[in-house]
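Visitor: I would like to go through the terms used for this model one by one. Please give the reasoning with each.

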Amino acid sequence: MEERTVVILGATGSIGRQTLDVIEHEKSFKLVGISFHRNVDFAKEVVEKFGVTNVVVTSGVSVDLPGIRIWRGVEGLRRMLEELKPDITVIAISGFDALEAVLIAIENSKRVCLANKESLVCGGFLVKEKLAKHNTELIPVDSEHNALFQLMEEDVEKVILTASGGALRDWDLTELPKAKPEDVLRHPVWNMGNRITVDSATMVNKAFEVLEAMELFDLPFEKIEVKIHREGLVHGMLVLPDGSVKILLSKADMRIPISYALSYPNRMRLKNAVVELSGRSLVLSFEDPDPKRYPAFFLVGHIKHSYRDRIAYNAADEVAVEAFLKGKISFGGIYVIIEKTLERMISFPEPRSLEEVKVLHELSKREAERVEEWLSSTSC
Ligand code: NDP
Ligand code: MG
């Protein structure tokens with residue numbers, strides 16, 4: 001197969017490292033550039049191991065990498081991608097800041113493999129505008145959406161996204177508000193970055209994924225269902241008009257969707273990836289999420305059609321999760337911060353540009369921080 005050049009943005013994170021793992025022994029992919037935020041040591045390892053010659057640093061940390069071209073900040077990212085014009089850019093950056101990187105990557109790559117969800121949640125209209133202008137493929141890496149991408153048909157009755165229910169899925173409801181970071185970070189199925197692990201326990205992650213599915217597949221909200229699926233084997237389902245249900249079943253291993261996004265329409269051979277089905281009785285359970293356990297998830301119905309509200313929801317969650325992980329608020333406080341921030345942002349107009357999206361994000365964060373201060377002082 002012809003060699004394809006790859007850039008990984010956010011190469012030092014959980015998705016970034018798994019992408020490196022996938023391409024390490026694949027001669028058909030050549031890593032030509034990476035970005036990282038703060039983890040200089042791991043970035044150095046990548047440079048040495050993969051012979052990468054272009055590195056973007058998105059934070060202010062100092063870097064000593066002789067012989068390597070170092071680019072700084074978003075402008076550096078733009079200039080590097082304009083020069084490299086990679087076949088594939090993988091977006092493994094976490095959080096809102098990935099939005100601008102996605103837009104730049106769409107302008108300068110043949111294919112964008114997108115793991116980040118905040119960019120679609122907050123700026124889906126900008127991503128779609130950009131895709132319409134450039135002839136770029138966008139392939140989802142998020143496991144549920146990658147599954148739907150593999151299954152998709154023209155005419156669907158509905159799609160089903162599965163959720164693990166997070167680390168607290170079996171906790172007594174009365175104990176839930178008191179859960180500690182170490183309880184929440186013990187995810188039953190996936191091993192991921194901290195924010196997304198907390199977002200799994202509140203199912204805010206699944207709210208993001210519903211919005212992500214609306215953007216990626218142009219689906220109305222009403223056609224998207226979410227089921228808690230404890231076994232972590234089914235990642236996405238399509239219900240078709242004739243009653244057939246297509247299911248994508250695989251191990252809970254992010255290397256699978258990452259490899260498919262990179263190699264589509266072909267497939268790679270992955271070590272230790274195949275689920276052993278023979279000789280075992282396969283149990284697949286699907287439950288409806290409980291509004292009392294996951295109140296923050298159910299807010300998705302209120303925010304689905306407003307980018308202002310989606311931006312506020314994401315920013316408030318970002319602030320709330322950080323405060324929770326630092327021990328400043330209780331687990332129950334996450335919902336309070338999101339709900340109050342949404343209320344406070346209601347008078348702002350809908351954003352029409354990247355600048356307006358960024359302003360709304362900053363304003364929402366400030367409001368969320370005020371709610372957080374109030375909440376900490378009342379020791380929720
Ligand atoms: P991690 O926190 O593990 O990694 C984040 C990466 O982004 C790191 O390389 C980090 O650099 C970099 N980064 C952090 N902040 C910034 C910033 N402000 N600007 C630029 N780069 C930054 O996250 P994950 O890998 O878990 O998740 C990445 C994205 O993929 C998220 O949007 C997540 O929701 C999504 N996703 C993750 C899944 C998973 O299994 N982990 C599954 C599906 C989706 P450094 O480490 O050097 O500071
Ligand atoms: Mg997912």
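Guide: What follows covers a predicted model, with its ligand and then a pocket as topics.

Visitor: What makes the pair formed by ligand 1 and Gly 10 a polar contact?

Guide: An oxygen atom of ligand 1 lies 3.1 Å from a polar backbone atom of Gly 10. The cut-off for N or O atoms is 3.5 Å, so the pair counts as a polar contact.

Visitor: Which distances apply to Gly 13 and Ile 15?

Guide: For Gly 13, a polar backbone atom is 3.1 Å from an oxygen atom of ligand 1. For Ile 15, the distance from a polar backbone atom to a ligand oxygen is 2.9 Å. Both values are within 3.5 Å, and therefore both pairs qualify. The protein covers 84% of the 900 Å² of accessible area that ligand 1 has on its own.

Visitor: Which residues come nearest to ligand 1?

Guide: Of the 24 residues around ligand 1, those are Thr 12, Ser 14, Asn 39, Asp 97 and Glu 118.

Visitor: How is the shell around ligand 1 split by class?

Guide: The shell has nine nonpolar, ten polar and five charged residues. Gly counts as polar, so Gly 10 is classed as a polar residue.

Visitor: What is the volume of the second largest pocket, and what lines that pocket?

Guide: Its volume is about 360 Å³. The lining has 21 residues, with Ser 250, Ile 256, Arg 267, Leu 270 and Ala 273 closest to the centre. Two or more lining residues come from each of α6 (143–151), β11 (245–249) and α10 (255–263). By class, the lining has twelve nonpolar, six polar and three charged residues.

Terms used. Residues are numbered from 1 along each chain as its sequence is written. Chains are lettered from A and ligands numbered from 1 in the order in which they are written. This is a predicted model: local features need pLDDT of at least 70, side-chain atom pairs count only at pLDDT 80 or more; totals for chains, interfaces and linings use all residues. Side-chain values use heavy atoms; hydrogens and water are left out. A residue is near a molecule or strand if one of its heavy atoms lies within 4 Å of it. A polar contact is a pair of N or O atoms within 3.5 Å; within protein, one must be able to donate a hydrogen and the other to accept it, and residues adjacent in sequence count only if both atoms are side-chain atoms. Accessible areas come from the Shrake-Rupley method with a 1.4 Å probe; for residues, only the protein chains shown count as cover. On a 1 Å grid over the protein atoms alone, a cavity is a set of points where a 1.4 Å probe fits but cannot get out, and a pocket is an open set with protein on both sides within 12 Å along at least five of seven lines; lining residues have an atom within 4 Å of a point. Grid points are joined across faces, edges and corners, and a volume is the space filled by probe spheres set on the points. Helices (H or I, at least four residues) and strands (E, at least two) are DSSP runs, numbered from the N terminus.
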